[in-house]
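Hi everyone, thanks for making time. I'd like to walk you through a model I've been looking at, so please pull up the view and follow along.

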Amino acid sequence: MWKHILVKLAWKSSKSNSGGSNSSTNNNATSLDKPDKPKAISPSSVLPTELESTSNYSHVMEKHETFLKKLDLCCITCDFSDRAKDYSEDKESKRQALIELVEFLTSCNEQLSEPMIIALCRMFSINLFRVFPPKIRSKPGPTGGADIEEDDPVFDPSWYHIQIVYDLLLKFITSSLVDVKIARKYMDNSFVSKLLDLFDSEDPRERDCLKTILHRIYGKFMSHRPFIRKEVSNIFYRFVFETDRHNGIAELLEVFGSVISGFAKPLKEEHKVFLWKALVPLHKPKTVGTYLPQLTYCVMQFIEKEPKLASTVIRGLLKYWPVTNSQKEMMFLGELEEVLEATDMAEFHKCMVPLFRRLAQCLNSSHFQVAERALFLSNNDHLVNMISQNRQVILPLIYPALERNARWHWNRSVLNVTMNVRKMFFEMDENLLLACESSFVEEEEKKAATEERRRLIWERLENFTANGTGSGSAFSPAIGSELGFGVPPPVVAAAPLVA
């Protein structure tokens, strides 16, 4: 009986469960069939992106304002003339501001605005563009000489700040975030001209920074290129023909070495004029040794691009060839060898006669290093080959100098090298060398006879004066004829003019 009751209870509970599940299913079905009511949306769920962009914009604007304020702070110049105040708080705060500006340009990802570019160019102008004081020569010391060598480099005390300004300028020029069209308006010709004037600084660290900056400006601002070339030419003109003093010629030539290597072929007439009127006259100043390697590199770049310019350069070297400066003469011989190495036969024909007349004078120089350096040109195979093909013209020009060295030069080393060179020419053309030798002997005999005649004339004149024959009397033609002087023809009086 209990079993029947339990079975009935279990069946009722299962039925009620199945009915509940059906009703819930129906309720779910009816709820899905009905359209959803619009839910109320809070503002915080819609505007997070807009609020975030607004905050970012305000943050950027705040950074820009801070940047401009720091630039205004850096426009205040400090006095570095008093060495006791080198580490004042104002100087240190400005230095920290400059460092922060450099870090900002390094890490900045946004395009620089026009007000920022204007403020940067203004800060560069105020801090960099200045008039250099005249060079202070030290007073003579107790020994009579100067306490400080004149050639010692002079270091600018304001480099503590200027170095960071140059770093900032370099970052500004090389940054991809700077619009060239906008920057060009404020880094105009006046800005570039004042920047070029800074190359006369006596501080080698500043000139080294300027060298890099000028190269970057020339590469980035293409519209400034003709003006830069013109201004550098003017600097060279003033240095050669007016002041004879400039500290940055070597650095300017180093920049222009890479500029010339980028010239297109064939060379423009403007570039050839720059070679002849600006570069070649740079061989004239006595301080050419301080920048000769850079000058030689520039000249060789021109010759490599257009070999026809070799004769022009050689004629320029002969025009400014030193006469009394042996060290400068040796430098010219070194550069001449480099130019001759790149000279072809057609250009060699244009200048070989004046060239070897000058080399003959160098061979007979009393300074043994000059004579030895000129003789060592015979070790250049290219030059010896050109001499061999033109030996009928060249050997008569230089053989007398070789013979004089072999007979009368005082230095043993020069004498030995001369004998080797003469032997080389003898093997090149024996008959021509013998003819040159006989011609040299004849010329020496004529010269000896002329010297002897002059000696006898002066001896007669001294005897005539010592005997007192001519005291108080005029020097008559008869006496001149007796002493060996030529008698001038008689002077015939001109006929009077008839009205």
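Let's start with helix α16, where V370, A371, E372, A374 and L375 are buried. Keep in mind as we go that this is a predicted model. What do those buried residues of α16 pack against? The partners are α14, which covers 326–341, along with α15, α18 and α19. There's a general point that helps with reading a helix: an α-helix has 3.6 residues a turn, so residues three or four places apart point the same way.

Now stay in that area, since there's a hole to look at. The general idea is that rolling a probe the size of a water molecule over the atoms shows where empty space is left. Searching the whole structure turns up 1 cavity of 30 Å³ or more, and the largest cavity has a volume of about 160 Å³. Which residues lie nearest its centre? Those are F356, L363, A374, L377 and I398, out of 13 residues that line the largest cavity. You've met A374 already, as one of the buried residues of α16.

Where does the lining come from? At least two residues each are supplied by α15 (345–363), α16 (368–375), α17 (381–389), α18 (391–408) and α19 (412–428). The largest share is from α15, with 3 residues. As for chemistry, the lining of the largest cavity has 12 nonpolar residues, 1 polar one and no charged ones.

One more residue from this neighbourhood: V421, which sits in helix α19. Is V421 buried or exposed? V421 counts as buried because its relative accessibility is 8%. Leaving out residues up to four places away in sequence, V421 touches L375, S378 and L402. L375, remember, is on the buried list for α16. V421 and L402 are 19 residues apart along the chain, and their C-alpha atoms are separated by 8.2 Å.

Next helix along my list is α20, residues 430–466, which is where you'll find E444. This glutamate counts as buried, since E444 has 17% relative accessibility and the cut-off for buried is under 20%. Setting aside neighbours within four places in sequence, E444 is in contact with R404 and W408.

Okay, let's zoom out for a moment. The protein chain has 21 helices and 0 strands. Of its 499 residues, 38% are buried. Take the contacts between residues at least 6 apart in sequence: 75% of them join residues at least 24 apart. The chain exposes about 30200 Å², with carbon and sulfur atoms supplying 56% of that.

On to the aromatics. A pair of aromatic rings is described by the distance of the centres and the angle of the planes. How many aromatic pairs does the structure hold? There are 11. Take F67 and F104: their ring centres are 4.7 Å apart and the planes are at 35°, so this pair is tilted. It links distant parts of the chain, with F67 in helix α2 (residues 48–74) and F104 in helix α3 (residues 89–107), 37 residues apart. F67 counts as buried at 2% relative accessibility, and F104 counts as buried at 12%.

Another tilted pair is W159 with Y166, at 6.1 Å centre to centre and 40° between the planes. Both W159 and Y166 are buried. Then there's one aromatic cluster made of F236, F256 and F274.

Last stop, the loops. P157 is in the loop between α4 (114–128) and α5 (159–174), and P157 is partly exposed, with a relative accessible area of 39%. P157 and F80 are 77 residues apart along the chain, and yet 6.1 Å separates their C-alpha atoms.

Two backbone details to finish. In general, most residues other than glycine have a negative phi, and most peptide bonds are trans. Which bond here is cis? It's the one joining K265 and P266, with omega at about -10°. You'll see P266 in the loop between α10 (249–261) and α11 (269–279). And then D244, which isn't a glycine, has a positive phi of about 60°. D244 is in the loop between α9 (225–243) and α10, and at 32% relative accessibility D244 counts as partly exposed.

That's my tour, thanks for listening!

Key. Residues are numbered from 1 along each chain as its sequence is written. This is a predicted model: local features need pLDDT of at least 70, side-chain atom pairs count only at pLDDT 80 or more; totals for chains, interfaces and linings use all residues. Side-chain values use heavy atoms; hydrogens and water are left out. Helices (H or I, at least four residues) and strands (E, at least two) are DSSP runs, numbered from the N terminus. Buried means under 20% relative accessible area, exposed over 50%, partly exposed in between (1.4 Å probe, protein chains only). Contact means heavy atoms within 4.5 Å. Accessible areas come from the Shrake-Rupley method with a 1.4 Å probe; for residues, only the protein chains shown count as cover. Rings of Phe, Tyr and Trp (its six-membered ring) pair if their centres lie within 6.5 Å; planes under 30 degrees apart count as stacked, over 60 as edge-to-face and the rest as tilted. On a 1 Å grid over the protein atoms alone, a cavity is a set of points where a 1.4 Å probe fits but cannot get out, and a pocket is an open set with protein on both sides within 12 Å along at least five of seven lines; lining residues have an atom within 4 Å of a point. Grid points are joined across faces, edges and corners, and a volume is the space filled by probe spheres set on the points. Ala, Val, Leu, Ile, Met, Phe, Trp, Tyr, Cys and Pro count as nonpolar, Asp, Glu, Lys and Arg as charged, and the others, Gly among them, as polar.
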